[in-house]
Amino acid sequence: MRASMCVLTLLLTANALRTPSLRMSVADPQRRRLFQGAAALITFRAYEAPAASKTTRILQETFAKPQTDSKSYRLVELASGVRCLLVQDPRAEKCAAALDVHVGHMSDPIDRPGLAHFCEHMLFLGNDKYPGEDEFEQYISRVGGSSNAFTDTEDTCYFFELPDPAKVGSALERWGPFFSAPRFAQDATRREVEAIDSEHSKNLKSDGFRLFQLTKSRFPSTHPFSKFGTGTRKTLRPPNGDGDPPVDKLREFYGTNYVGSNMACVVCSTQSLDVLQKLTENALVDVRSTTERRPPSTLYFDEEPLPKDSDAYVLASLQSQRELSVQWVLPYDRSDPDSAFADRIQKRYFRDDLFLSHILGHEGPDSILADLRRRGLATGLGAGSGEDTDQFRTFDVSVQLTQKGLKEWRSVLATIRGAALGLQTAEWPSNCFEETARMARLGFQWGETPDVANLATALAGKLQVVGWGASEDLRDLLALDRTPRDASTDERRRAVSELLREMNTNVPLVTVVAPQDELQVAAKGAKKVEPIYKTPYFAEKLSEKVTSSQIKFPPVNPYIPDTDPKPKYAKKAKPTLKDFGPPTKLLDDGFGKLWFKEDRIFGVPRAAVLVLLRTEATGSRSAADAIHARIWTRLAADALRDADYQREFDSYDASLAGLEWTLGAGPRGVQLSFGGYDAKLPELAEAVVSAVKGFDAVQYALKNDNLERVLDGTRRDIRAARAAPASSRCIEELGVLTERPKFPLIEAENALKKTNVESLRKWLTENANVFGSVAATDVLVEGNCDETYARRIEKSVRSGLSGGSTIPAEPSVLQVPLSTKVPIRYAAKPSASDEVNYAAIYSYQTGSGSDVRAATLVLSSVLEAPFYEALRTKRQLGYVVQAASRYREGVSSMVFLAQSAKDDDVCRGPSDLVRYIDEFLDTEAPQLLDKLDAAQLADIVDGLARRLDELPKALGGAVAPHWDEIVSRRYDWDRRAREAAALRKLSVGDVRDLFYLSLARTGASRRPILVVADRGKPSSSMRTDAIPDAAAWASKLESWGSA
């Protein structure tokens, strides 16, 4: 994945950096396989496209669609062989496109691991028509859009989205040459290799990448699934990272694989299908065509897609996970590539895995999970489809283990395998198929409409799978993976029986991960080291003997609706801003507030209920309160889902029927949420609220080591946070310095050490069992319901609550002191002593109010792309480089973040990162603002304002902003509209003034703070302005608006 500077999510929360979409892979550098001779003559008849013509062919215009889908679709084949799905959405307020090339790192040359991923990066760095590096990204940023790409095992996907549908043509024009005429300039390839190397360094401590690599290493080195896909300096510039950049290899790889018949494209916008077709034809007119479709997988079809060993692998988790993974590798039809292709489509549509996952992953009282919980071995279990390639798929079962379960993981494995064997010969009752299929169909028919960017990316991947299939496969494209095709119960029984037969024929891949200090209780056998990520693991031989066991099938689910749910009102064709007005306040008696809004826009039979019980008990006062509240809510949530503890209602059956609930706690109080099909939602809400109020936490804590299980999970969460990447630690520390209440991890860790049954009992007593401390309630009900429905739920919420306590103070942002000298905070050293990354984050508070918010957003848009280019593209400091605006509790900031693993003359530690950020702000930023003119400002403002003006596309999107205003007690329903108006009246001078007042070294309103995280001890040269204690420093600050 390319680290797009337009993606701002990592700075919008204080959580860890977003996990990349790139699926890492393995390569065996010791064997070069030449696909020639007979293999080179293979054609993929099921994938065949006609010889290139001068015209576009329309392949499909009729599609199976959900009832809520008002979009129009057309599938065409361009003259070059590209298959493109055009999507017209008259209601869309932005546009998006995605193009999936059916080649990934399984096609890397054996002597250049990572080349497919490297090729993905290079396509962003100029082409013959637009030769400037980052020219596309600068255009996308200027108009307020975003773009990115990812490389998978057999696919590379590129995508963008813009807030103005009218600009889809100009974006496609700039994007199209990616797929016909990239430059692959020598100097750019040399620099971008460093970005690839930095990306790999960032992933070295990721459990996800390490585990995926280990799985791939189980395949024979002759099979391309074993290849390493990220790449490094050494793999791309062999032998030691100092060879010539692989320009010739890139051109050869691109020329072979980036052809029309390997490409599936999706374009979504408001224009007519005819207009979208013409724009797409013009954009992709120069894509090279071939006479037939020959996917790369045809070249390695003869390689058997089965693992080379059946050992169990046991290894340490750097994120303190404790889990057993069981993965069955299931080849598609091995007769020939045509048959494999047809088999893959048939199974993806038929969804035999859906029915098996329903039984193996069930959580009812007679389920596998219930049995493991009773034995004290597991806390959770999931089952379902996993990897999916042209050659094979996997079916995966994962079990979250207790400490006892880790010691006895072999017994847990025997239970899983025994159940799979027993299910093969069991007589499956019809309700197991009928209920699962029915809820999947309802989910498809009444599912919420995805964002156009997500829609384009998802459909491009699906089109790559079925886009060369039969007419019915094309017709059902939108339903792929969402709902199974119609079939009789007997047909489904046979399909699941065949799936189980195949699973029970082969020994599965088994992996056990455990916290480092618990590894010794789980590991036996020989210690080995995986060569790419240097992951140590223990290999243990598994017995091929399996004892069949019988499990009880779940009874008929009473929550499954007998008839199809129906909305009270049809979906509105063209909603306006007026339709999305605030909810009505039905009740406000000084203790409770009830807000209600009936859905007359989306036309779905769903409702949402959100509840906040305001109390100081849950975390506004101390870390100890926050920890006890967290333990209490986890115990309560576990108890209400524990069939052995309560049987007044079946929470899991309700979830299978599309009814969900959550329980949480935070500084504002206890939070409950309910959502799903509206008919039975009040009954669920009443049952959950009643059960939570009557919950005896101490009694449940003493039962079956329940408290220790929850404490253990919380301990591991904190340990994982302490081992987070350097950039995440910087963001976390910035929150402690500037937000209230926000407690350092060390305080949470110390509070957790003192938490036990007696402390829980004391906390509950002091806080009147939580519910006696509730000072006020807020309830919001929205959706396919009426006022009577809303009042019924609110009545059940307030029943037994008396009020009279203190309402907790609202969370706030602390005002950093005015200063020309930057205060520095050193983030805690990571727990992993071999951490290779270091990071720095600068924050400049710019103030509160709509005008400041608008100017900060524009300033971010002006600086983000150049900052990325300066530190990431040109200096190659690291993969994580971002400049972005940050918004917390009504206060805006500009932040600049960089993370690096370099250790050379260019950069050796966080002090060098700080120097480069300072250099950018002192030199390049003023130059950029001096060059800012009215035309550029107009483009930026238009893109940002359109995002603020955008109307919600689903019920959840409409509910969320209403709830935000209610819980914050601001009730500022027009905030986004006011910010959009503030944007549209901004002048160039306003943006310059903000920079020179709030960011420039001599700025009169400058409120800077710097947080750094080192790979080791901080260098003494940066000690001058250190903040030794973040919490103590923050305690002396006033909140914005309080002074």
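**View 1. The largest cavity holds about 150 Å³.** This is a predicted model, so here is how to read it: local features need pLDDT of at least 70 and side-chain atom pairs count only at pLDDT 80 or more, while totals for chains, interfaces and linings use all residues. Residues are numbered from 1 along each chain as its sequence is written, and side-chain values use heavy atoms, with hydrogens and water left out. A cavity here is a set of points on a 1 Å grid over the protein atoms alone where a 1.4 Å probe fits but cannot get out, and its lining residues have an atom within 4 Å of a point. Grid points are joined across faces, edges and corners, and the volume is the space filled by probe spheres set on the points. By this rule there are eight cavities of 30 Å³ or more. For the largest cavity, 14 residues make up the lining, and Lys71, Asp89, Thr449, Pro450 and Lys953 are the closest to its centre. The lining splits into three nonpolar, two polar and nine charged residues (nonpolar: Ala, Val, Leu, Ile, Met, Phe, Trp, Tyr, Cys and Pro; charged: Asp, Glu, Lys and Arg; polar: the others, Gly among them).

**View 2. Lysine 71 sits in the loop between β1 (57-60) and β2 (72-77).** Helices (H or I, at least four residues) and strands (E, at least two) are DSSP runs, numbered from the N terminus. Is lysine 71 buried or exposed? It counts as buried, because its relative accessibility is 6% (buried is under 20% relative accessible area, exposed over 50%, partly exposed in between, with a 1.4 Å probe and protein chains only). Leaving out residues up to four places away in sequence, lysine 71 touches Lys65, Val87, Gln88, Asp89, Thr449 and Leu455; contact means heavy atoms within 4.5 Å.

**View 3. The second largest pocket offers about 1200 Å³ of space.** A pocket is an open set of grid points with protein on both sides within 12 Å along at least five of seven lines. Its lining has 49 residues, and those closest to the centre are Arg373, Ala378, Thr379, Asp638 and Arg709. Helix α24 (706-722) is one of the elements that give at least two residues each, and others include β10 (378-388), β11 (392-401) and β18 (659-666). The largest share, nine residues, comes from α24. Sorted by class, the lining has 20 charged, 15 polar and 14 nonpolar residues.

**View 4. The largest nonpolar core gathers 83 residues.** Such a core is a set of buried Ala, Val, Leu, Ile, Met, Phe, Trp, Tyr and Cys residues joined through side-chain atoms within 4.5 Å. Which members touch the most others? They are Trp632, Leu635, Phe674, Val688 and Val781. Helix α20 (residues 623-640) gives the most to this core, with nine residues. Apart from it lies another core, of 52 residues, with Tyr844, Leu859, Phe995 and Leu999 among them. Back in the largest core, and setting aside neighbours within four places in sequence, valine 781 is in contact with Leu594, Trp595, Phe596, Lys597, Ala608, Val609, Tyr789 and Ala790.

**View 5. Helix α4 (residues 168-175) has buried residues Val168, Gly169, Ala171, Leu172 and Trp175.** Seen down the axis of α4, these residues fall within an arc of 160°, so they line one face of the helix. The arc is that of the directions from the helix axis to the C-beta atoms. Covering them are elements that include β4 (95-101), α3 (135-142), β6 (156-162), β7 (263-269) and α9 (273-283).

**View 6. Leucine 587 belongs to strand β15 (residues 584-588).** With 24% relative accessibility, leucine 587 counts as partly exposed. Its C-alpha is 8.9 Å from that of arginine 791, though 204 residues separate the two in sequence. Not counting residues up to four places away in sequence, leucine 587 touches Gly592, Lys593, Leu594, Glu794 and Arg798.

**View 7. A cis peptide bond joins proline 238 to proline 239, with omega near 10°.** Proline 239 is in the loop between α7 (233-236) and α8 (247-257). The bond from arginine 740 to proline 741 is cis too, with omega near -5°. Look for proline 741 in the loop between β20 (739-740) and α26 (745-753).

**View 8. Valine 770 has a positive phi of about 70° although it is not a glycine.** Valine 770 lies in the loop between α27 (757-766) and β21 (776-783), and at 0% relative accessibility it counts as buried. Lysine 534, also not a glycine, has a positive phi of about 55°. Lysine 534 is placed in the loop between β13 (526-530) and β14 (535-540), and at 58% relative accessibility it counts as exposed.
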